[in-house]
Amino acid sequence: MSRFENKTVIVTGASSGIGAATAKRFGREGANVVLVSRSEDKLKRVASDISNAKVVAADVGNKEDAKQVIDEAQSAFGSVDVLVNNAGVVTTGTIDEVDEDGWDTVINTDLTGVFHMTKAAWPALKASKGNVVNTSSVSGTGGDWGMFAYNAAKGGVTNMTRALALDAATSGVRVNAVNPSLTRSELTDGMFDNDDLMKKFTDRIPLGRAAEPEDIADVIAFLASDDARFVNGVNLPVDGGLSASNGQPNQA
């Protein structure tokens with residue numbers, strides 16, 4: 001497929017996991033891909049698999065860095081057609097355990113970073129009639145034990161997605177999000193090594209496994225494409241059926 005030929009796609013958090021898989025997916029469909037993360041070396045490794053790629057080392061939690069990303073994307077490729085806000089970190093712990101630094105870390109990257117990037121890209125997206133796809137989480141639609149800061153950040157992304165779609169009503173810009181469940185990445189590698197923990201997850205997921213990054217990337221590409229031209233303001237669970245449950249245990 002070449003749904004994104006001659007289009008420019010920015011992917012934050014593109015150095016690994018969902019972001020890397022997403023950048024490669026857009027690259028395979030002909031996009032000019034701008035890869036963003038704080039780790040330039042990792043970005044370069046991902047970009048080596050993409051024909052038309054530009055690497056920008058930046059911290060999305062910093063307003064000036066966000067503006068720089070957009071400026072460099074436009075300078076290199078002339079437009080911005082898709083923004084994928086995927087950069088994210090996790091702070092675990094209860095209210096008794098998480099201090100101000102831990103709170104600030106996750107909020108600045110996962111929530112404020114989405115604001116900075118979207119704000120900086122908005123004029124270019126209006127000019128191209130482009131769209132935004134945010135990576136939220138099932139943790140943005142319900143609570144987890146010991147992850148209140150991450151839940152707060154992703155809950156903000158989930159509702160920001162809806163509000164942005166309303167505000168963009170006359171601009172031609174669409175805004176959607178994916179809400180993945182447990183997905184293999186650098187952040188979750190330790191969890192995949194814990195057989196007891198993984199059984200708890202797979203017992204709750206009807207498809208019987210956690211997600212691979214490509215499972216999420218493919219849906220992001222769909223939402224960003226013209227195939228989803230009438231999809232707007234949606235938080236789409238990509239969770240193997242986890243959210244189909246009302247939370248009660250399997251009694252079969």
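This passage describes the fold of a predicted model, from the whole chain down to single residues.

The chain holds eight helices and seven strands. Its C-alpha trace spans about 55 × 40 × 40 Å along the principal axes. The radius of gyration is 18 Å, which agrees with the value near 18 Å for a compact globule of 252 residues. Of these 252 residues, 48% are buried. Among contacts with a separation of 6 or more, 68% link residues that lie 24 or more positions apart. The exposed area of the chain is about 12,300 Å². Carbon and sulfur atoms supply 48% of that area.

The seven strands form an open sheet. Their order is β3-β2-β1-β4-β5-β6-β7, and the pairing is parallel. The edges are taken by β3 (53–57) and β7 (235–238). Each has a single partner strand, so one side of each is left without a neighbour in the sheet. From one strand to the next, the twist averages 15°.

Strands β1 (residues 8–12) and β2 (residues 32–37) run parallel and are joined by five bridges. Strands of a sheet pair through backbone hydrogen bonds, in either a parallel or an antiparallel manner. Within this pair, Val11 stands opposite Leu35 of β2. Thr12 has Val36 of β2 as its bridge partner.

Two helices that pack on the sheet both touch β1 and β2. Helix α1 (residues 17–28) also touches β4 (82–85) and β6 (174–180). The direction of α1 makes about 170° with that of β1. Helix α3 (residues 63–77) touches β3 in addition to β1 and β2. The direction of α3 makes about 160° with that of β3.

Strand β2 is mostly covered, with six of its six residues buried. In a regular strand, side chains alternate between the two faces of the sheet. In β2, Asn32, Val34 and Val36 point one way. Val33, Leu35 and Ser37 point the other way. Residues of both sets are buried.

Helix α1 was examined further. The helix has 12 residues and reaches 17 Å from its first C-alpha to its last. This is close to the 16 Å expected at 1.5 Å a residue. Like β2, α1 is mostly covered. Of its 12 residues, 10 are buried. The buried set begins with Gly17, Ile18, Gly19, Ala20 and Ala21, and continues with Thr22, Ala23, Arg25, Phe26 and Gly27. Cover for these residues comes from strands including β1, β2, β4 and β6. It also comes from helices, including α2 (40–47) and α8 (213–224). Gly30 follows α1 and has a positive phi, near 90°.

Positive phi values also occur at residues other than glycine. Most such residues have a negative phi. Asn6, which is not a glycine, has a positive phi of about 70°. Asn6 sits in the segment before β1. With a relative accessible area of 66%, Asn6 is exposed. Lys129 is not a glycine either, and its phi is positive at about 55°. Lys129 lies in the loop between α4 and β5 (131–135). Its relative accessible area is 55%, and Lys129 therefore counts as exposed.

Two positions within helices complete the description. His116 lies in helix α4 (residues 100–128). Its relative accessibility is 14%, so His116 counts as buried. The cut-off for burial is under 20%. Neighbours within four places in sequence aside, His116 is in contact with Val60, Gly61, Asn62, Lys63 and Ala66. Gly155 is found in helix α5 (residues 148–167). At 26% relative accessibility, Gly155 counts as partly exposed. Ser136 lies 19 residues away from Gly155 along the chain. The C-alpha atoms of Gly155 and Ser136 are separated by 7.7 Å.

Key. Residues are numbered from 1 along each chain as its sequence is written. This is a predicted model: local features need pLDDT of at least 70, side-chain atom pairs count only at pLDDT 80 or more; totals for chains, interfaces and linings use all residues. Side-chain values use heavy atoms; hydrogens and water are left out. Two strands pair if DSSP finds at least two bridges between them. Helices (H or I, at least four residues) and strands (E, at least two) are DSSP runs, numbered from the N terminus. Axes are lines fitted to C-alpha atoms, for helices over the stretch in contact, and angles run from 0 to 180 degrees between N-to-C directions. Contact means heavy atoms within 4.5 Å. Buried means under 20% relative accessible area, exposed over 50%, partly exposed in between (1.4 Å probe, protein chains only). The expected span of a helix is 1.5 Å times one less than its number of residues. The radius of gyration is taken over C-alpha atoms; the globule rule is 2.2 Å times the number of residues to the power 0.38. Accessible areas come from the Shrake-Rupley method with a 1.4 Å probe; for residues, only the protein chains shown count as cover.
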